[in-house]
Amino acid sequence: MPENTSNKTDVVVLGAGIVGVSAAYAARQRGMSVMLVDRREPGSETSYGNAGILSSGSIFPLNQPSLFGNLPKYLSNQHPALRWDLGWALRNPDWIVRFLASARASQTKPRALALHGLIKASLKLHREWIVTAGAPNRIRETGWLKAWRSDNIAVAKADQAALAEYGIKSELLDRQAISALEPNILPVYSVGLLHTETASVDSPGNVTKAYARMFVGAGGAIRQAEIKSMAPDGDGWRVVLSNGEIRARHVVVALGPWSPDVLRPLGYRVPLAAERGYHREFVPNASRKLLRPIHDAENAFLMTPMENGVRVTSGVELTARDAPSSHAQLDEVVPLARGVVEFGKPVGDVWRGARPTLPDSLPMIGPAPRHSGLWLAFGNQHIGFTTGPATGEAIAAMIGGAKPTFDTSAFSPGRYL
Ligand SMILES: Cc1cc2nc3c(=O)[nH]c(=O)nc-3n(C[C@H](O)[C@H](O)[C@H](O)COP(=O)(O)OP(=O)(O)OC[C@H]3O[C@@H](n4cnc5c(N)ncnc54)[C@H](O)[C@@H]3O)c2cc1C
């Protein structure tokens with residue numbers, strides 16, 4: 001991707017994941033000069049390795065009332081949905097207490113409404129941008145299937161009713177209907193809920209790269225460098241890079257799981273946890289293709305047909321962001337995935353990433369409380385690929401002094417900083 005080495009700009013966006021690329025493009029669309037900085041190519045980290053689901057229905061985060069019922073099985077540290085590290089838990093009791101407090105029933109509706117607004121705005125942008133970016137072939141409007149092996153119709157119906165309260169459509173399916181929808185999978189599921197308004201992409205990394213090219217095409221600049229530090233400088237900011245520095249009126253921190261690192265020296269202690277996850281891809285069987293992402297509800301894994309193979313993604317591993325990998329969760333679910341859809345050998349190695357999550361599972365979108373010209377855009381947890389565009393567009397609107405198209409009050413950084 002073309003690089004720019006000029007060192008003065010209106011806006012510098014730190015991080016070229018889906019959130020940073022989106023903020024950069026949206027700011028450029030508003031006529032600002034924008035520099036996007038990342039040590040890697042755009043879309044090479046969390047925005048590369050996710051399951052590629054553009055989810056209309058992910059308005060109830062992991063910390064919802066049902067979490068309390070599941071706690072006994074999660075505490076055993078054997079469930080594929082959640083593995084947790086005792087050392088990490090002992091070092092982060094505040095995050096855990098606040099995460100659990102947000103799971104209370106009284107917290108459900110305000111957060112679901114906030115996320116629904118963000119998701120709706122973001123899906124609209126994805127559907128527009130993917131066409132403008134010349135990648136319309138990467139999006140599939142085939143929905144997302146959540147499926148239960150046991151005859152768990154009551155749970156599926158409750159899920160459907162909860163979504164319907166927010167106007168989100170889904171279809172309840174029995175075993176025959178699931179076979180008709182996904183003729184190439186084995187009949188292991190008794191009940192399914194098809195999220196009909198959800199889309200998916202065949203390569204989230206390449207979609208992010210396509211958006212980055214669209215940004216450059218619109219006159220934006222990208223610089224590949226390690227971000228070392230940043231500090232207020234006159235009426236703007238000075239960002240120190242491994243290969244020089246940039247001066248800008250505004251800085252947007254969109255560093256996903258790494259965001260707290262650059263904010264700590266400014267006196268901000270961001271309670272961001274890394275909900276780590278893994279994926280591995282496998283050679284698909286050409287005559288037994290998966291047609292859409294499937295979420296195995298009881299075993300907490302996903303299977304998604306991707307450009308390079310069937311991608312199996314794991315549940316959550318709650319530990320330090322940079323702790324050594326453990327493939328235990330993935331090893332447990334890959335054989336279960338093989339029991340659903342035939343696939344061949346692995347393509348490449350196991351990938352690991354981290355869902356950046358604040359205790360209330362809402363992102364931070366807005367100004368830093370104690371510094372003018374500093375904007376925070378991170379913490380998009382399990383749905384950052386879905387919500388990246390509207391997160392970025394809202395930040396660009398705020399920088400430009402305009403009102404975002406959806407209500408961002410629940411995402412104010414001031415709630416934690
Ligand atoms: C297993 C898994 C499955 C998921 N599935 C889905 C899904 O199906 N749908 C969905 O919507 N979301 C999903 N997510 C969540 C989603 O991937 C993330 O929320 C989203 O990608 C976060 O994007 P981001 O731009 O904030 O961060 P990132 O994509 O991680 O971008 C941050 C960037 O900052 C750069 N960076 C960091 N530090 C520095 C530095 N010091 N100098 C220079 N550059 C730096 C990194 O190189 C990186 O490119 C999933 C996540 C995981 C882990």
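What share of the 417 residues of the protein chain count as buried? In this predicted model, the figure comes to 56%. The surface that remains open amounts to about 16,600 Å² for the protein chain, and 53% of that exposed area is supplied by carbon and sulfur atoms.

The overall dimensions are a good place to go next. The C-alpha trace of the protein chain spans about 65 × 45 × 40 Å along its principal axes. Its radius of gyration is 21 Å, which agrees with the value near 22 Å that a compact globule would have, because that estimate is set by the chain's 417 residues. Contacts along the sequence add to this picture: among those in the protein chain between residues at least 6 apart, 77% join residues at least 24 apart. As for charge, the protein chain carries 45 positive and 36 negative charges, and the mean positions of the two sets lie 2 Å apart.

Turning to secondary structure, the protein chain has twelve helices and 21 strands. One pair of strands makes a handy example for a closer look. Strand E11 covers residues 227–233 and strand E12 covers residues 236–241; the two run antiparallel and are joined by six bridges. Together E11 and E12 form a hairpin, with two residues between them. At the turn end of E11, which closes with residue 233, Asp 233 stands opposite Gly 236 in E12. Within the turn itself, Gly 234 has a positive phi of about 60°.

Note on methods
Residues are numbered from 1 along each chain as its sequence is written. This is a predicted model: local features need pLDDT of at least 70, side-chain atom pairs count only at pLDDT 80 or more; totals for chains, interfaces and linings use all residues. Side-chain values use heavy atoms; hydrogens and water are left out. Two strands pair if DSSP finds at least two bridges between them. Helices (H or I, at least four residues) and strands (E, at least two) are DSSP runs, numbered from the N terminus. The radius of gyration is taken over C-alpha atoms; the globule rule is 2.2 Å times the number of residues to the power 0.38. Buried means under 20% relative accessible area, exposed over 50%, partly exposed in between (1.4 Å probe, protein chains only). Contact means heavy atoms within 4.5 Å. Accessible areas come from the Shrake-Rupley method with a 1.4 Å probe; for residues, only the protein chains shown count as cover. Lys and Arg count as positive and Asp and Glu as negative; His and the chain ends are not counted. The place of a charge is taken as NZ of Lys, CZ of Arg, CG of Asp or CD of Glu.
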